Amino acid sequence: MLDADPPDRRRFLEASLLAGLLAPVLLRLPEAAAAEAEACGVAAAALGEAAVGKGFRLLAQYLERRYQGYSSPVNINGRGRVYVRHTGRDFGKPIGTPVRAVAPGRVVRNWPGRPGQPASKTTFVHGADGVHWVYAHILPALQPDQEVRRGQIVGHIANPLGAFLPHVHVGALKVPYRNPDPAVNHAINAGRAFGHTAAEAQANALRYTHDPLLAFAHSLGRGC
Ligand SMILES: [Zn+2]
């Protein structure tokens, strides 16, 4: 879902493939391990299991510094060179794996994906507690305005671009996707926060998104 121009798109795809191959290595980075322990007494694995069941691979993490291999700014159409921060958690499982709502809510919309990305789709669910849950890279199974129970199938893992390992991106926005404020749109874009500096990208991520694990813990009634 990166809105990159063609030269950068190619670089992005190459970096994505490399990141997929390196994912098991990247997951052993100390900073990643430290950040993934738990939130409000809920283990990170619990969120992945709620979404896709046991046996997933954790491919990317909230505020990961080297998302998809990038540690330097990338060109984004209309935005110049910007830094990006990943704003969700990516759980790898085979194509076709059912993806379940991690919290109750109502479907706001299904996003059809971009031309050339026919299988890259996103379902947005407005949570009962005001959290806007994002399930990306899935084929949606629900229609807008449908009520969603926790554990209900919202879609199935699709192949985003053929370059990523199949996965679902689970995000938790503080604001609706396609917010009327363009600055907010620039900041979240469903899976990434942008900024002209790394610090700005991180600040936008924190301003406009929840850590999905923390939002999940709160949805389970954990106060912390
Ligand atoms: Zn992701």
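This note sets out, point by point, the main features of a predicted model of a protein chain with a zinc ion.

1. Overall composition. The protein chain holds six helices and 16 strands. Of its 224 residues, 51% are buried. Among contacts between residues at least 6 apart in sequence, 70% join residues at least 24 apart.

2. The zinc site. Which atoms of the protein serve as donors to the zinc ion? They are NE2 of His-86, ND1 of His-169, and OD atoms of Asp-90, which is listed twice among the donors. These atoms lie 2.0 to 2.6 Å from the zinc ion. Along the sequence, the donor residues follow the spacing H-x3-D-x78-H. Two of the donor residues, His-86 and Asp-90, are buried.

3. Geometry at the zinc ion. The angles among the four donor atoms run from 55 to 157 degrees, and the site is irregular. As a point of reference, the ideal angle for four tetrahedral donors is 109.5 degrees. The site is not classed as tetrahedral because that would require all angles to lie between 85 and 135 degrees, whereas the angles here extend from 55 to 157 degrees.

4. Thr-87, in a loop beside two strands. Thr-87 is found in the loop between β5 (80-86) and β6 (88-92). Is this residue buried or exposed? Thr-87 has a relative accessible area of 1%, and it therefore counts as buried, the limit being under 20%. Its side chain reaches the backbone nitrogen of Arg-192 at 3.5 Å. Beyond its neighbours within four places in sequence, Thr-87 is in contact with several residues, among them the zinc donor His-169. Other contacts of Thr-87 include Tyr-62, Gly-171, Ala-205, Thr-209, His-210 and Pro-212. Ala-190, Gly-191, Arg-192 and Ala-193 are also in contact with Thr-87.

5. The three-stranded sheet. An open sheet is formed by three strands in the order β7-β13-β11, with antiparallel pairing. Its edge strands are β7 (98-100) and β11 (138-140), each of which pairs on one side only. From one strand to the next, the twist averages 40 degrees. Three bridges join β7 to strand β13 (residues 153-157) in the antiparallel sense, and Pro-98 stands opposite His-156 in β13. Helix α3 (residues 44-52) lies across β7 and β13 and runs at about 120 degrees to β7.

6. Strand β9 and its partners. Which strands pair with β9? Strand β8 (residues 105-111) runs antiparallel to β9 and is joined to it by six bridges; within this pairing, Arg-106 has His-126 as its bridge partner in β9. Strand β10 (residues 132-136) also pairs with β9 in the antiparallel sense, over five bridges, and Thr-123 stands opposite Tyr-135 in β10. β9 and β10 form a hairpin with four residues between them. In that turn, Gly-130 has a positive phi of about 90 degrees.

7. Burial of β9. Why is strand β9 described as largely enclosed by the rest of the structure? Strand β9 (residues 122-127) has six residues, and five of them are buried, so the description follows from that count.

8. Trp-111 in strand β8. Trp-111 has its place in strand β8. This residue has a relative accessible area of 7% and is buried. The C-alpha atom of Trp-111 is separated by 8.9 Å from that of Pro-140, although the two residues are 29 apart along the chain.

9. Positive phi outside glycine. Most residues other than glycine have a negative phi. Cys-40, which is not a glycine, has a positive phi of about 50 degrees. Cys-40 is found in the loop between β1 (38-39) and β2 (42-43) and is buried, with a relative accessible area of 16%. His-137 likewise has a positive phi, near 70 degrees. His-137 lies in the loop between β10 and β11 and is buried, with a relative accessible area of 5%.

Note on methods
Residues are numbered from 1 along each chain as its sequence is written. This is a predicted model: local features need pLDDT of at least 70, side-chain atom pairs count only at pLDDT 80 or more; totals for chains, interfaces and linings use all residues. Side-chain values use heavy atoms; hydrogens and water are left out. Two strands pair if DSSP finds at least two bridges between them. Axes are lines fitted to C-alpha atoms, for helices over the stretch in contact, and angles run from 0 to 180 degrees between N-to-C directions. Contact means heavy atoms within 4.5 Å. Donors are N, O and S atoms within 2.8 Å of the metal (3.2 Å for Na, K and Ca); water is not among the atoms, so sites may look incomplete. Four donors count as tetrahedral if all angles lie between 85 and 135 degrees; four count as square planar and six as octahedral if opposite donors are over 155 degrees apart and all others between 65 and 115; anything else is irregular. Buried means under 20% relative accessible area, exposed over 50%, partly exposed in between (1.4 Å probe, protein chains only). A polar contact is a pair of N or O atoms within 3.5 Å; within protein, one must be able to donate a hydrogen and the other to accept it, and residues adjacent in sequence count only if both atoms are side-chain atoms.
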